[in-house]
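The following paragraphs offer a guided reading of a single-chain model. Please keep the sequence and the coordinates in view while reading.

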Amino acid sequence: MTQSEGAGEPTRRDFLYIATGMAGVVGAGSFAWPFIDQMRPDASTLAVSSIEVNVESLEPGMSLTVKWRGKPVFIRNRTAAEIEEAKAVAVADLKDPVARNANIAASAEATDVDRSAGEGLENWLVMIGVCTHLGCIPLGQAGEFGGWFCPCHGSHYDTAGRIRKGPAPENLPVPVFSFVSDSVIKIG
Ligand code: FES
């Protein structure tokens with residue numbers, strides 16, 4: 001078998017197939033786009049959209065992932081051990097010392113309580129589940145700090161969703177949310 005017939009260099013014929021295939025994809029894409037675009041909610045609808053999530057069945061140590069504005073949101077009822085572990089870390093030792101919590105001041109520090117739902121509700125953690133490096137979805141209760149682990153490039157988040165190791169630059173962001181009853185969280 002010569003090289004041009006094997007799995008090595010693509011032959012001229014292969015190149016023509018690839019080029020033709022790509023033209024087909026581009027053509028289909030530009031044809032379909034106007035229809036897809038019309039189906040999107042407009043910006044004002046997206047801006048006000050909020051969801052309510054019943055978390056009654058989430059025992060300590062359990063998590064739920066919901067979709068909000070097209071993104072995954074992690075809701076976790078943390079265990080006492082997870083809270084203690086996060087509280088034991090000094091803010092000065094954090095890679096990102098900012099809380100990144102949309103419910104409090106932008107300058108707030110990434111203490112455990114300011115990453116959580118607040119005083120008396122420290123067990124609740126609500127975060128956008130998108131890695132702050134390049135946007136993969138981290139895995140829960142994994143990694144070196146027992147929080148979340150992004151396998152794409154190895155970012156480790158702790159039990160308060162704070163980046164502790166790896167290329168991600170920031171803590172997982174906390175969206176606007178509030179408890180509208182004992183068991184229902186409104187996000188957005
Ligand atoms: S996208 Fe998560 S580590 Fe790169």
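**Elements, sheets and core**

Read from the N terminus, the elements of the chain follow the order α-α-β-β-β-α-α-β-β-β-β-β-β-β. The chain thus holds 4 helices and 10 strands. The model is predicted, and confidence is therefore a suitable place to begin, since pLDDT expresses the predictor's confidence in each residue on a scale from 0 to 100. The mean pLDDT of the chain is 84, with 74% of its residues at 70 or more. Two stretches fall well outside that group. Over residues 1–8 pLDDT stays under 50, and the model has 5 contacts beyond four places in sequence for them. Over residues 10–41 pLDDT likewise stays under 50, and here the model has 3 contacts beyond four places in sequence.

Two figures describe the chain as a whole. Of its 188 residues, 24% count as buried. When contacts between residues at least 6 apart in sequence are considered, 46% of them join residues at least 24 apart.

A first sheet may be traced through strands E2, E3 and E4. These 3 strands form an open sheet in the order E2-E3-E4, with antiparallel pairing. Its edge strands are E2, covering residues 62–68, and E4, each of which pairs on one side only. From one strand to the next, the twist averages 20°. In general terms, the strands of a sheet pair through backbone hydrogen bonds, in either a parallel or an antiparallel sense.

The pairings within this sheet can be followed residue by residue. E2 and E3 run antiparallel and are joined by 7 bridges. Met62 has Asn77 in E3 as its bridge partner. Asn77 also stands opposite Trp124 in E4, so that the two bridges, taken together, place Asn77 in register with a residue of each neighbouring strand. E3 and E4 pair in the antiparallel sense over 5 bridges. Elsewhere along this pairing, Phe74 stands opposite Met127 in E4.

The connection between E2 and E3 deserves separate attention. These two strands form a hairpin with 2 residues between them. Arg69 lies in the loop that joins E2 and E3, and the phi of Arg69 is near 50°, a positive value in a residue other than glycine. Most residues other than glycine have a negative phi. Arg69 counts as partly exposed because it has 15 C-beta neighbours inside 10 Å, a count between the limits of 12 or fewer for exposed and 20 or more for buried.

A second residue shows a similar backbone feature. Gln141 lies in the loop between strand E5 (139–140) and E6. The phi of Gln141 is near 50°, again a positive value in a residue other than glycine. Gln141 has 13 C-beta neighbours inside 10 Å and therefore counts as partly exposed.

The strands of the first sheet also lead to the interior. The largest nonpolar core has 21 residues, and those with the most contacts inside it are Val73, Ile75, Val126, Met127 and Leu172. Strand E3 (71–77), strand E4 (124–128) and strand E6 (148–150) each supply at least two residues of this core. E4 gives the most, with 4 residues. In soluble globular proteins, nonpolar side chains tend to be buried together.

What is Ile75 in contact with, leaving aside its neighbours within four places in sequence? The residues concerned are Val53, Val55, Ser63, Leu64, Val66, Val126 and Ile185.

Some of these partners direct attention to a second sheet. Here 3 strands form an open sheet in the order E1-E10-E9, and the pairing is antiparallel. Strand E1 (51–54) and strand E9 (177–179) are the edge strands, each pairing on one side only. On average, and with direction ignored, neighbouring strands of this sheet are turned by 25° against each other. E1 and strand E10, which spans residues 184–187, run antiparallel and are joined by 4 bridges. Within this pairing, Asn54 stands opposite Val184 in E10.

Methods: Residues numbered from 1 in each chain as written. Predicted model: local features only at pLDDT ≥ 70, side-chain atom pairs only at ≥ 80, totals over all residues. Core = buried A, V, L, I, M, F, W, Y, C linked by C-beta atoms within 7 Å. Contact = placed C-beta atoms within 7 Å. Axes fitted to C-alpha atoms, helices over the stretch in contact; angles between N-to-C directions.
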